[in-house]
Each structure stands twice: as structure tokens, then as C-alpha cells.
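Please find below a short set of comments, set out as numbered points. They are best read with the structure open alongside.

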Amino acid sequence: MDAQTSTTKRKQPSSSHTSDRPSKQLRRPSQPQDEDEDMSITKPHTNGLNGHASPTEPESMEIEDDDSTTSIVATAATDTAEWRTTLSRVVSRVVSIHFSQTHAFDTDPALSSEATGFVVHISPSQDVAYILTNRHVVGAGPFWGYAIFDNHEECDVHPVYRDPVHDFGLLRFDPRKIKHMALSPLQLRPDLAKVGVEIRVVGNDAGEKLSILSGVISRLDRNAPEYGEGYSDFNTNYIQAAAAASGGSSGSPVVNIDGFAVALQAGGRSDGAATDYFLPLDRPLRALECVVKGEQVTRGTIQTQWVLKAFDECRRLGLDGGWEGKVRAEFPKETGMLVAEVVLPRGPGDGKLEEGDVLVLVNGELLTQFVRLDDVLDSSVGGKVQLLVQRGGEDVEVELEVGDLHAITPDRFVSVAGAAFHDLSYQQARLYAVTLKDAGVYCCEASGSFRFEGSSSGWLVQSVDNHPTPDLERFVEVMKGIPDRARVVVTYKHLRDMHTLNTSILLVDRHWHKNMRVAIRNDETGVWDFEDVEGGEALPPLEPVSRKANFVSMAAGATQFPKAVDVIRSFVRVSASMPLKIDGFPKTRKIGFGLVIDSGKGLVVVSRAIVPYDMCDISVTIADSIIVDGKVVFMHPLQNYAIIKYDPSLVDAPVKSAKLATEGIKQGEETIFFGFNANLRPVVAKTAVTDITTVAIPASASTPRYRAVNLDAVTVDTSLSGQCGSGVLVTEDGVVQALWLTYLGERSGHSGKDVEYHLGFATPALLPVIEAVRRGEVPDLRILNLETQTVQMSQCRIMGVGESWIERVEREDPERHQLFMVRKVDAGNTGGLMEGDVVLTLNGKLITRVGDLDVMYGVDELRVLVVRGRKEVELVVPTVPTSELETGRVVVFCGAVLHRPHHAVRQQISKVHSDIYVSARMGGSPAYMYGLAPTNFILAVNAVPTLDLESFLRETNKIPDNTYFRLKVMTFDNVPWVATMKKNEHYFPTMEFIKDGREREGWRRVMYEGGEMKKGEGEPASGAADEGGAGEGDQGLEV
């Protein structure tokens, strides 16, 4: 039997779109896809997953069925009349399944996709029917979906069974919902799958077309394909055929010329070879019979994976000639035997079976087939089996207890502190040869407090707060005793590296995520039932206490410039954790350093690339020793800094207020660079200022988010400047001349990574705001909502600036012979300035430097003299209060994160279509499933205009659960379209977050159920959100 290779695949659709802004322009966007995996399931909406382009298959005959009343069957040109008659019957029994796996669980991420299934049973009373499809479609976790029949009628489907191991599952539907066509099942005949049989694969091509592929069965004894990490079938043989099914064909029936289903399409090769792999129908047929009778589908296991190996390999493993002769005589058509591949530690076979054992007898019966082995084990749950294996030419007899496979397949998960956990599954344990007993609790959604670096899943938490967590039950008990905002030590391993025990200190969030909830699978209803864990109420945080610490001494630079390196006492480490992605920000956790500007009041200035908005938890670490909470005091709308505050009474350490220079640093001036590198270690070097110039941080085309504009940036002549994201430029006597900040820039279209820039920001521009904050004021700055760029005198002359103005510029600013042109006016600007205007003066002051624009901050209007169309024009331009630019209200609806268009959107767009902007969406949500993309604007609900969040909530609360509604949507690029969506309050309730200074977190939460408000119960969903674009940010939620 052949070895597994990396060329097996799950079927996925090709990605033909390469737009720089796919989430804005595509109504059902596809993600980039991965060459290494392909199972026959369409995954255009996976959360952080990659797929690959399906190979072109010349034998595939595809047709578009746009006629809702007449089915058109496409067949190969050589098909006989008999085949055409058969296919016309089969097509009416095949359905397209549109589904979402709403939560990450076990091997499956949260995703939305399409696949195929077919009707296999209709009850005599016509009130219940079943569809057979793949297990990787039904999924291990929460499922929500519907089936579309050949005549385009639709009905909801609910999972009633998914096999713990084999790649099949059953969906239930109500056949009475299909009113315009007669339904009949496709009969399962596993006995008719034979080598040489001509077959057709009737499936769904990427969710768009009916696809009928011809082929011939070439093998019946292929081992189950391995797809790498994630779900893979095992302990079964697969059927191989010369046919290459395309994306979305998961769950397609493989039929013979008589119209019987002989196999179930599951996977194929990813190297372009026209080869597909089908699951035999023996076990699906048994499961269907049990479900129809209302009986439990018993599944037995000895926690051992077997593979089929050819006789020559078995001989090398020690199979003696006597047993080989008996097997060949009993089964003359067999070419191999079952060999133990993985024996789980501490399982029934541990210490009795070994890898490489050749299975000969089971309960005294010669056995070479997976189907028969399954039969024996499934009928022996709770009992014992007798095995005889050959090990190195010797007979070894063992007696093994048969366990319940369902008992080691999780059917529940617990959400706490923003993450989700369940017991380790047999599927995962088998893949990594890990014991199921006391392995640790499995983190299926590593987010919130438990966001571990490197992967969003696959972690086994070993202990929390020095208490072992060997399983879910013990983990829940430990978490019940941990107060909100406690910092605890967590140890954990990853399944890919069980040798390494990782240790982290985590801040436990029981305020944004107050409830500890358990979700339990209900196979009667097909949904997962949610309830609060008894005794899992959040404990209040402990009262903080004052602690003592000292700063490290700097050896480097201490002798040459001791006062300069003493600035280390003015630095604190700042960590920000965001419970919900808003404003297009790509991360949910950032760490950097801030500069203390008033130690007596605990005021710190920090980059907005670290603290992007005030819906966050801020931890301030002083002297690498004392950790205290912080909160946002002020956020500058243009200059990339925020001011946060901590309680200085909790800090007994020699923190020093930084002394800020009042005069601007000069080009060529010597200075000392003091910064913190990627390892968060302080570094210092003497350097010189190479340039001070007006720069433009590039806008992120696919994901508008905060960026600094109208900025004079300082650059220095040291390699440390590119290695450090936080720091200062300081004189030898310790006066800070400039902050060294991280600036968030664009998302690379090639790599999908977010670009960051490290630049200096001269301190004089900070001083007015700092003085106001020190006085206890929160500055409400007013700005001209526009972006400028510099123009040189040669350009000014061409644009119509008079010689007298050019001479004045040269006279008044001999260092900067430049003026500013309006590059972009924010959407909604009614002040009279236009793109292309050259600004001469503001309130009579000549504007040659960015700092000259600061006059706008404190006035309601400005007298502006510009050159427009080679003529001087005097305008009175109103300024805009920046308090209106920060997000103060967020609605989460059907998994879409909605708020007013934030400042970055207004900077990049010419017209704001409504005050309802899609900032992010959650994987597996209705928003993802129906293509409501980040950067869309919502204009109406069911034809009722809804231009603000208030009217949107009013109209959407009228919509019953599980009901379709229409949204009028406008893309970022001004393309209107209508989205039809189905509401799902069970998995994605409507929540609202409202900024409220009376709350400790600064935000008040509201949850809606059945259109009614439930105060204080809203929580962000587990996992991150996706903010759009092919980013390398946090997994799970798209922005």
C-alpha cells in the first residue's frame, strides 16, 4: 500500500481575484490559498486559512443552472443515453450546502464555506430527511447552514451525527419545506464499488455550478490521505479513481451507471494529477440506519491507528510465511495486512501493542480489512477483544479493553477570559501520538487573556496560577477561583512541540469577558446549547498595593554621558490589550515603551501604534518590577501619540519626570539616541540628526486605520534607530529633544504584513497639550480636516504663487524654502479648502513648517489665504472638533463590527455614505457567510434608510431570529449592492458598546435578545476579528 504524501488535498476553489482592496470590491471575497492542502470543500471565507487554486480538469463538464424550474445536466460527450438518464435522476438528489462553523473547535477554525451533499433518507411520514456529506463539512464544533436543491429551493439543515474518525456526517432537514419538487433518496450501495467500475462524481463546483466528472475506480485499498495538521481520516481504506473533482465537491455522491451511490467524495491530489479519493460507504450506511431507528451509533476504539501495508512490507516487519500463506488462501484478492502505526500512550493498547505489529487475528478470526475491524470494535464497546499480532516473526496475543470513541471526542467547550477550551480529542492525540489522559486542557481559540504567541490553536494548558489543569473539569475549577485583573503564571505546551514547557504571565480578563460559559452539543436540535457555568461568576479584582523597586543602571554610556542615560528612570513599559478590533487596527495586543512626563501625576506619553484607541486594558510596568493599571487621558488626532495615566501612589520607585526641550532640534545637531530594541532592552548611542523633513505615512489602501499626517519627522545617523520602536533623542545633560515613536503604516499587498516606521517627533509640539493635561484638562483640539504635502518654490511658481511670496518665504525661513499644498480633504469637509490649494497664510502667519499649522488647535475658524487656479483666494475656514473623530459607540451585529467611520476612513474617502461602517467581521458569522465585508457602508435595512447606528438598531431589532433580511450596502469604492442575510441570534447576538466614563473600563455594554435590551450582559466574542485584507495580524476576526 502506498505511503502518504504531501500531495493529498482538500478541494478548494481557485482564487482569481488579486485586487488591492478585495474586501471592498468583492461581494464574496476569496482568501489566498495554500498549495499543500486540499479537501473537497469550498473555503472562500476561511478565517486566516489558506487554500490553493484547483487544477484544471478537462473531463469536468460544468453548466450554470440559472433556471429555477428546469435542471440541465452536463455530461461528457461520450456518455450513453443510459448514463444521461441516470444522471438526470441523481442531480435532483444532490444539494449545495452553504454553512458556517461558528466557533473554532478541535481541528476546525471558525469559517464559512460551501460544499455538497445528497439526500439519503426520507421518513415515511415525510417530516424528516437526512443528507450525507463529509465530516469536515459538518465539523466537530457548532454548525449553522442551509441546503439549496436543484430547483433552487432552500431549507435549513442541522447536524445529527458526525463521525469521530471517518470523514462523513449526517444533516437533518424538513422535507416539507421543499414544495416544488419531489424528493427521493439516493441509495447507498458500498458493495458495488469495484475496480474497473465506471463512475460519475456529481457535485458543487465552488458553490457556483453543477459539476459532473467521469472516472473509473482504480483501487479499493488506498490508505486514508493525510492532510497534515487539522482533521484527517484514518483507520479506513479509501477508494481511488481517475477523476479530479473541483472546489466545493466535498460530500458529492460517487454514482455508478445504475444510479446507486457507491462512495463519498472526500479528497484528491494537489499536484495536478487527475486522481480523487473516495470514502467507502460501509460505515456511513451503518450510521444512517442507526440514526433512522433512533439508536445510538456505537463506535469502539483501542486507541490505535492502523495502516494497510503490502505483503512485502509486512514480511520485512516480521510476518512469517505460515501466516502469510493462510491469509492469502483465505483472501486471495488481498495484497496486504493491517499494521499498527500509532499506539497512544496510556491507552488500551499501550504496553501491549507496538508500532510495527502486524495484525493477524481478531477474536480468533483472520482479519485484513478496516471494515471488519470497525465492525468488531463498534459491537464491543465496554467489552474486550482478543488480538494476535506478529512482532518480529513471533506471535503475540493480547486482550484489550474497547473504549467508547464518542467519550474521547469532545462535545462541549468552555469560554472564559476571551478564550475557548475543551478536552483533548482523539483526533489530535492520534495525530501527535499524545496521551489523552491528563494531557492538559486544549485551547481551541487562543485569544483574549490566553493569546499565546505563534499560533491561535494547538495549545495544551498544563497549569494556571500554579494549579495543574489536566482536563477541562479541573481547569474550570481553577479559573473559578481567579479574580478579575489577576496576573497569573500559566504553563503550556504546543502539540507540535511537546518537549517544551512554555511559561507566561497573563492578565486574566473577567471584565470585558465577565461570564464563564459552557457550550454543549445537542444532537436532538442540531445546535449547541449555551449556559453559564455554575459558580463561574467573575470575582472582583483585588485591591492594588504599593510596591517598591529600583531602575537598572546603564553601563553603556554611564561614564560618557551619565545624565543622558539617567533618562531610563523616565521610561515605563506599556502593554495594551484590545478586547475588540475597531478603527481598522490589526492587532489585539501591543507592547512598547512610554515616556513619563509627570511622575507626580503618573502621566505617560506613548505612541498610538501601541495604544490605538481607548477600548483597551493598559498595563504599565515601572522599573521592570511594578505593574499597575493605566487608562487613556488624551489621544492626539494627527501626531501619533496618546497620553495615559497610572496611579503613582502605587509606585515606590525613583521615577523621574522627563525634562522636555522647548526649542526644536536642528539638522546636523549632535544628540544621544536612547531606545529599546526588539528584546525590550535599553540601548544607547551618540549620533547626529541627519534630517528633519515633512513626511507622509502611507495610507493602508485595504484597511484604513489611524496614521499620523502633517508630520515633521526627525531621522538620525545610527542603525539603532531602525531597531528601536520606542525611545528618545536626549542631550548630554538629560533634556529630551524628541520622542522616538513607532508609526503604523500601510499593509503590504505582497506579504500581507503591516509596515511600521520608526521616526523622531520633536518635543516642542507636545508642550501645549502636556501643560493642559497637567492642569487636569482634556484638550479638545480643533483641526483642519485635511492632509498636506510640501511643494518647493519651483512648483509654487508654476502653480501661480507670486514672486513676492517666494521672496518672503526665502526671507522668513531660510532653512525651509517650501509651502504646503492641500493633498487630500477629508470626507465631509465643507470649509472651502480644496485639493490642490497652496496655503500661504493662516490668520496672517506664513506657513512653511508643519508646526505653523498648530494655530488651528484652539480656534473655531481660520482666515486662510491660498493660491487656487493661479489666483489668490481668501477664505474663512471652520475647524473641526477632534472629539467627534474618536469612536464612541460600537455595535456588533451578526458578527459584523459596526461604528461611525473613523478618522482614517474620512481621510481616504471622498464621500461618507452613512454613519454605519463595517470595521471588522468574525469568522463563521452571518456577516462572513453572506459577504458583508470590512470597509462596506450600510445604507438601509429592508428598504428603510438607516444612516446611523440608532436607526440601524431600531430596524434590525424588528427582524425575527433565523429570518432573511436585506441590507443596502455601498462599498468603499462607491459600488452599491444589496446583501441578503439571515439573522442568527443564537451564535451571534446583537451587542452594543457605548463609551461611558462612569464605568471602570470606560465603556458600557448592552445586549439585545429578541429585539429587547438586556443591560450589562454584552461580551465580545471569543477570538479576534478580521479587519480585511490579507494581513498577518491576529487570527479569527477580519478588519
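**Comments on the predicted model**

1. Of the 1039 residues in the protein chain, 61% are buried. The model is a predicted one, and the values given here should be read with that in mind.

2. The secondary structure of the protein chain consists of 17 helices and 66 strands.

3. Contacts across the sequence deserve attention. When contacts between residues at least 6 apart in sequence are considered, 67% of them join residues at least 24 apart.

4. As to the surface, the protein chain has an accessible area of about 39,100 Å². Carbon and sulfur atoms account for 48% of that accessible surface.

5. Gly734 offers a local example. Gly734 lies in the loop that runs between strand E45 (726-730) and strand E46 (735-747). Is this residue buried or exposed? Gly734 is classed as buried because its relative accessibility is 12%, which falls under the 20% cut-off.

6. The surroundings of Gly734 include parts of the chain far along the sequence: Gly734 and Ala661 are 73 residues apart along the chain, with 9.7 Å between their C-alpha atoms. Leaving aside residues up to four places away in sequence, Gly734 touches Lys563, Ala564 and Lys659.

7. Two cysteines may be noted. Cys796 has a relative accessible area of 0% and is therefore buried. Cys894, with a relative accessible area of 1%, is likewise buried.

8. How many disulfides does the model contain? A disulfide requires a pair of cysteine sulfur atoms within 2.5 Å, and by this rule the count is zero.

How values were computed
Residues are numbered from 1 along each chain as its sequence is written. This is a predicted model: local features need pLDDT of at least 70, side-chain atom pairs count only at pLDDT 80 or more; totals for chains, interfaces and linings use all residues. Side-chain values use heavy atoms; hydrogens and water are left out. Buried means under 20% relative accessible area, exposed over 50%, partly exposed in between (1.4 Å probe, protein chains only). Helices (H or I, at least four residues) and strands (E, at least two) are DSSP runs, numbered from the N terminus. Contact means heavy atoms within 4.5 Å. Accessible areas come from the Shrake-Rupley method with a 1.4 Å probe; for residues, only the protein chains shown count as cover.
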